[in-house]
Every structure is written in structure tokens, then in C-alpha cells.
Amino acid sequence: MIYEAHIKDISRQAEKVPYDLRGTYLGAAESGKGTPLGLIQDLGVNAVEWLPLADYDHIEPTFDDPSLPVHNTWNPYAFNHWGYMPAYYFAPEARYAYNNHLKADRWIGSNGAHVQQLRSLVQTLHRSGLAVIFDVVYNHVAQYGENPLRQIDPYYSLRYDREGRRQSVSGCGNDLRTERPMIRRLILDSLKHWMKVYGADGFRFDLAGLIDAETLAAITRELRGIKPDLHLIAEPWGGRYDKGRFSRVRWASWNDHFRDGIRGTDPEYGKGYIFGQWSPRDSGDAMLRHVRGNLREDGGPYDHEEHCVNFISCHDGHPIGNFVRVGGEHMNHETNHNSVGKPRSAYRVLSGRDDRRIRLSSLLLLTSRGSVMLHQGDEWGRAKVIEGRSGHDPERGKLDHNSYEKDDPTNWVDWEELDSPANRKLRDYTRGLIAIRRRHPALRLATRGDVELLSAKLEFAFGYRISVARDDMIVLANADPTREATFDLPPGRWRVLADHLHADPERSVGGVRERAITLGPVAGAVLHQPFDASP
């Protein structure tokens, strides 16, 4: 169970973190109530995936200055915050080190403090029982800084088309020529460096569709020769879109089939299951495929359940909190959140129906086959609201679907928002679902043959039973926005561990059911039948 997070965002506004450590490696390692590590530990996930931490270019060309070689007409912040502009593949990012704040005319990182501080963070996470996955970028290099691959011999290092123009399938202007022998060696040597020096337990490869097949095979062979259980996760986009390609070399990949099926492809015009609609790529039989791991046998791309990483949202696009707010208002034919700026406080708490949609999406995610990933803030329906600078960003107050350039409260985790009673209840619900997943092997170890479909009479109601290792579970969902759904239950006494309001692995939150159970609109349930060892 992976938690995708950003080093600075997770601690910048955490009052329990000493002020000088906020936004740093050391700040992210702070533990206790109200701290980043305390939040992650309390949630119950077992892996953290950090947005890129290799040295990257932050500065982009000054906005709207036509005298520069590159006329920046798209980024009024002239900054890159997320880290997807790699400059040096062996060095950690220095701006996250304590006492290494950015200054326009000063070197950063010359004291090397960022090396030891990142190592210290990883060691702290390991002692806390958390695996550490690094997001790495080998599909392109930084477009604007003095990246040596672009400066020394770009025709060797980068891809060009037949007219001699640099390829930009990545959208970043400088696609890396991974098939070159020395570029492949650079990739392998730097990955080994992150494993040996910093203790990486795995890597998520940005736009991995742009990495050639021989390099993928070499990464698998050489890195798993060092660490056999290393996590290798592909973002399967970039040029060639083929998740099956990664499954065939025993990599996992982000499962956008699941994401798009559960929430939809677009919050206005492509809503999915939790809105009581089928997303553009789905139909009535899709939900069973999604919760079963989107396997090749069911028409999906994966050879094995462990190759899919299911998620509802990530750093890209709208987080689920934004998605349901935009989609919910659009469904109700009211003014769309995405087109009218509002003060940040207007988004602090979800409406009742939007809250139920997030709860249902979390229930489906955390009971699905494969690995699962939460983006930071998903667990309480966080909204990303454009903070802007006074008179600088005309989009101020709107919900942001691509906040890569904003080192401000748009991205920083709002701890006051988290602490509101309604949002804390939603977070407790997510935490309860995670605890149920940890407790019950059926939710983690079941394969396709262990899943038995349970039918209901409504189009947007479905359920299934899974039985593994003397662990017998039922998962039910009803996404119909107005009607109840009744399910016939298999023989036995079924404890309700989760409903649309509560989730708890220790006690029954909805009593014991026999023969049948009825779910209200936009609701789910997880049931368990204790194993009877008597003859």
C-alpha cells in the first residue's frame, strides 16, 4: 500500500515540525502526532513513494519575456516544483536540505548536507517499517538548465527526428535516447547508486513507455540481481502505451483502467462508476475486471495481479477531492467549481454526496486485487486550490489539475483542512479500510479464481465474494445516486466490517447479516464470515 508524497509539500505547513525543518528531508522525517511521518504511520500504509528527488532544474525562463531564446507563455511562475526536469542523476535535490534555501545569486548544495539528510530520512522510514520508492525520470532531461547530456553531445544522448529536430514525445523537449549503450549504463549505474547509497527499495519510472526494451530488461536483470524483491513500477504512458509490455518483464505499472473506471476520465464529460455512470472505456461488466486486477484473461493488460498498481488519483490531474467537487457540481447543473474562483475556505469540507463518493472509491480501491496507491491527501478528500500571487495568477481560487509549477499552498498539505471534524472522519474511514486490508489475507492474496461474483438487480450495483486461507470476505458496492440495492448473501453469519460511514477491522460496524443486505445510494460494504474450525 503506497503513499505518493512530495518532500516539501508534506511538511511545509505542519506546525508540529520545527519551522526551520519544514519543507526539508529532516522535516519529512519528523515523527509524532501532527507530523509527516506520524501521519503516514497512523494511516497504516507500508510504502512511501517520493516525487523526484534527484537533482532537477527548478528555474524556467522568465514569464512573457520575448527577448529570451525561449518565450515562456505558459508558466507565469517560471518555476518547476514537482521535480520532473532531471539535471544530475546521481545527486539528491539540494533545495530540500536544512539550511539550503534557494537564493538567486548563491550556490546551493555546496556543503553536501543533502546527501546525509536524505540517507537519514530513508533510514528513519525503514526503522518505521516503511519501504521507500523513488520516482525517477529517464525519458527526458531538463530543458532549460545546463544539463551536461544536452550540452556535451546531444546527438548521442537525445532523440532526433529525420529533419534534425529534437523529439518531444515526453512533452518536455529533450527525449533521452535510452537505447544508446552509454546512456543505458548511466541509467543502470545511477539506479544502483540510489539503491546502495540511499537504500531505495524500488523505483517508479516516469513515462516509462519511452524506455527501450533492452534497457528495461537490463534494469530487471541487474537490479533484481542485487535486490530480488525490488519494486519496479512503470508509468506506462509516453509514446508506446502498452501496460502488458511491462507485465511481461515482471514490472508493475500504474493501472489507469482502474482509475478511469472508478472515478472517470474527466470530471465534467467522462465521469465513472462512483457517479452512477460508465466511464468512456467501460460498460456494465467492467467493475469485476477492475477489482480482479484487469488480467489478460479478462481482456486486461496484466499477466498477474501483482503487476497492477491500482489508484484513484496521483500528482497528475485532479486529486480525487477536486474530481468529485467538479463532477458533483456539474451533475447538479450548478456553477462549476473549475471555472469560478472561490476563497480556499470554500473548499475545506466536502459536501455529503461528494464525501460518499470518495468513501466508495476508497472502499473499492482498498479491497481490489494488486497493489494500491494513495496520493497525499486522498484520504481526507484534499482540494488543490490555486493560491496564486496577488495580481499574478488569474486562475486564483480555482481547482488545479496540473500544479507542477506551484511551490505554494496550492500543493502544500493543509493541516488545518485535515483537522476539520468532517475531514478527520473521512481520514479515519480510510485508515479503517487500510487496517481491514492488512488484517485479511483474502484482500491481499486472492487471485482471479478466488473471486465469485454476486449479482444485484441494479445496473450500478455489484458485489463479489473472496475466500483465501480460511478468510472469507464479501465486498459490495452501489453507485446508483438515488436507489437502494439489495444483495442476497451466501449462507452464514456475515459481520459488517465497513459500511458507508465506518470501517473497523476489530468490530462489526453494521451488525451481523444473514440471507440479505441492503445498501443505500452511493454506498459500499465489506463483510467477513469468521472461520469455523469445529468439525
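## Helix packing and two alanines with positive phi

In this predicted model, helix H13 (residues 352–365) packs against helix H15 (residues 421–439) at an angle of about 15°, and their axes lie 10 Å apart. Because angles under 35 degrees count as roughly parallel, H13 is described as roughly parallel to H15. The crossing in which H13 passes H15 is right-handed.

On the H13 side, the contact is made by Asp 355, Ile 358, Arg 359, Ser 362, Leu 363 and Leu 365. H15 contributes Lys 425, Leu 426, Tyr 429, Thr 430, Leu 433 and Arg 437. Sorted by class, the contact of H13 with H15 comprises 6 nonpolar, 2 polar and 4 charged residues.

Positive phi values form a second topic. Ala 78 has a phi near 50°, a positive value in a residue other than glycine. Ala 469, which is not a glycine either, has a positive phi of about 50°. The loops that hold these residues are given below.

| Residue | Preceding strand | Following strand |
|---|---|---|
| Ala 78 | S3 (54–56) | S4 (86–92) |
| Ala 469 | S14 (461–468) | S15 (471–478) |

Is Ala 78 buried or exposed? Its relative accessible area is 17%, so Ala 78 is buried, the cut-off for that class being under 20%. The corresponding value for Ala 469 is 60%, and Ala 469 is therefore exposed, as the class requires over 50%. Thus the loop between S3 and S4 holds Ala 78 as a buried residue, whereas the loop between S14 and S15 holds Ala 469 as an exposed one.

Definitions and conventions. Residues numbered from 1 in each chain as written. Predicted model: local features only at pLDDT ≥ 70, side-chain atom pairs only at ≥ 80, totals over all residues. Heavy atoms only, no water. Axes fitted to C-alpha atoms, helices over the stretch in contact; angles between N-to-C directions. Helix = DSSP H or I, 4+ residues; strand = E, 2+ residues; numbered from the N terminus. Parallel < 35°, antiparallel > 145°, perpendicular 65-115°, else oblique. Left-handed = near helix turned anticlockwise from the far one by under 90°. Contact = heavy atoms within 4.5 Å. Nonpolar A, V, L, I, M, F, W, Y, C, P; charged D, E, K, R; others polar. Buried < 20%, exposed > 50% of the residue type's maximum accessible area, 1.4 Å probe, protein only.
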